[in-house]
Structure formats: C-alpha cells, structure tokens
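Trainee: Please take a close look at one part of this model for me: the salt bridges. Which residues pair up, and where do they sit?

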Amino acid sequence: MSDVTASIREAILGGEFVPNQRLVEADLSEQFAASRAGVRAALAVLAGEGLVERVQNRGARVRAVSLAEAVEITEVRMVIEGLCAAKAAERAAPAEVSDLRAIGEEMRAAVASGDVLGYSRLNERLHRRVREISGQRTASGVLERLRAQGVRHQFKLAMHPGRPQASLPQHLAIIDAIAAHDPAAAEQAARAHLRSVIETLGEIAS
C-alpha cells in the first residue's frame with residue numbers, strides 16, 4: 001500500500017493529476033500495477049493528508065486548494081516554522097551551520113543567474129534542513145502535510161516576478177540567526193519570511 005500511496009502522491013504533487021481531476025480506482029490500479037483494495041487504501045491515506053477528497057457517489061478527486069486556504073496554510077506554517085527555526089538555533093552543530101551556509105550560497109548564485117526553478121528547489125531544501133536540525137518531529141510532520149497541500153500555490157509564488165530577489169535576504173537572515181544560535185532572532189526571521197509569502201500570495205490573486 002505504501003508504494004502506491006507514494007506513487008499517487010508524487011503524481012499529484014508533480015502536476016500529473018490536476019485539481020478537481022477524478023481519480024478512478026480501476027484506472028489507478030492499472031497505471032500503478034496495484035490492487036483495487038490497495039488503491040482504495042492509498043486514496044484514504046491521501047484524503048487524510050488533504051491531497052484527495054471523497055465525493056458522494058462519485059469516488060475521489062484531487063482536492064483543489066483555494067487561495068484563501070493557501071493563505072490560512074501559510075499562516076499556520078508561519079507559527080510552526082518559527083518554532084523550528086528557534087529550535088534549530090538552539091541545536092545547530094558547526095557542520096549543520098555549514099550545511100545551511102552552503103545552501104544560502106547556492107541560493108545566492110541561483111538568484112544571480114536567474115535560475116528560478118533551481119532557487120525554488122533550494123528554497124524547499126533549506127526549509128527541510130532547518131526542520132531536520134530542529135529535531136521537532138511533530139512539527140516536521142505537520143509542515144510536510146501543509147507544504148503538500150499548498151504546493152501549486154508555492155509554484156505560482158516561485159514564478160512571481162521578483163520573488164526570488166525579495167526572499168533571498170529573508171532566507172539568509174534565517175541562516176544568520178541560526179548560525180548565531182539566537183532562537184528569538186531565528187523565529188522572528190522565519191515569521192517575517194512567511195508573512196512576506198502571505199503578502200505575495202495576495203499580489204498574485206489581485
């Protein structure tokens with residue numbers, strides 16, 4: 001079951017299955033070489049993650065996340081990512097600080113060369129590394145689910161003109177605060193970054 005769950009999740013996050021698209025058990029069973037029972041169980045798991053929704057008498061479909069919900073998701077992320085940044089500042093070992101600095105330099109290079117998609121991947125990598133360093137497993141699990149639900153809006157955000165240039169110094173501020181082992185500054189920097197994300201989502205909508 002875990003293999004087919006992962007495969008369907010990847011197809012949703014990668015854009016192979018689009019919002020509101022019907023997910024037909026027989027088709028998924030054939031596509032992923034899985035039993036109908038396995039597909040049904042996978043869809044139940046993904047419904048729990050907020051990626052799929054059940055429709056009465058119509059099976060399942062990819063859940064569409066509205067802009068208003070994307071803002072709510074980011075507001076929750078703002079609080080939890082602030083916590084993770086603070087914990088990372090308390091715990092970061094020298095090698096982990098070096099990891100963050102290296103990602104920061106790669107992000108700087110991506111912005112300088114105009115590599116928007118590369119910057120977006122590094123953005124995700126930095127946030128994931130901060131979560132790992134924080135050691136806050138509960139927060140990490142919640143953030144993974146929230147990120148998955150908001151992935152399409154994150155892509156729009158990444159492609160918004162000037163966004164990488166605006167967010168680079170915000171990310172570098174998070175790295176600096178963690179490197180300085182300053183939990184309050186790290187939390188403040190993470191919250192400021194997510195607050196900027198919320199503002200930019202509003203610009204995308206207008």
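Mentor: Keep in mind that this is a predicted model. The count comes to 15 salt bridges. Here are some of them, one pair at a time.

Start with R9 and E49. Their closest N and O atoms are 2.7 Å apart. R9 lies in helix α1, residues 2-13. E49 lies in the loop between α3 (36-48) and β2 (52-55), so the salt bridge ties together parts that are 40 residues apart in sequence. The two ends differ in exposure class. R9 is partly exposed, at 25% relative accessible area. E49 has 17% and is buried, because buried means under 20%.

Next, R63 and E69. Their side chains form a salt bridge at 3.0 Å, N to O. Here the arginine is the buried partner: R63 has 18% relative accessibility. E69 is partly exposed, with a relative accessible area of 24%.

Now E106 and R125. This salt bridge has its closest N and O atoms 3.1 Å apart. The pair links distant parts of the chain, 19 residues apart. E106 sits in helix α5 (residues 94-113), and R125 sits in helix α6 (residues 116-134). E106 counts as partly exposed, at 36% relative accessibility. R125 is also partly exposed, with 32%.

Finally, a network. E25, R36 and R40 are joined into one network by salt bridges that share partners.

Terms used. Residues are numbered from 1 along each chain as its sequence is written. This is a predicted model: local features need pLDDT of at least 70, side-chain atom pairs count only at pLDDT 80 or more; totals for chains, interfaces and linings use all residues. Side-chain values use heavy atoms; hydrogens and water are left out. A salt bridge is a side-chain nitrogen of Lys or Arg within 4 Å of a carboxyl oxygen of Asp or Glu. Helices (H or I, at least four residues) and strands (E, at least two) are DSSP runs, numbered from the N terminus. Buried means under 20% relative accessible area, exposed over 50%, partly exposed in between (1.4 Å probe, protein chains only).
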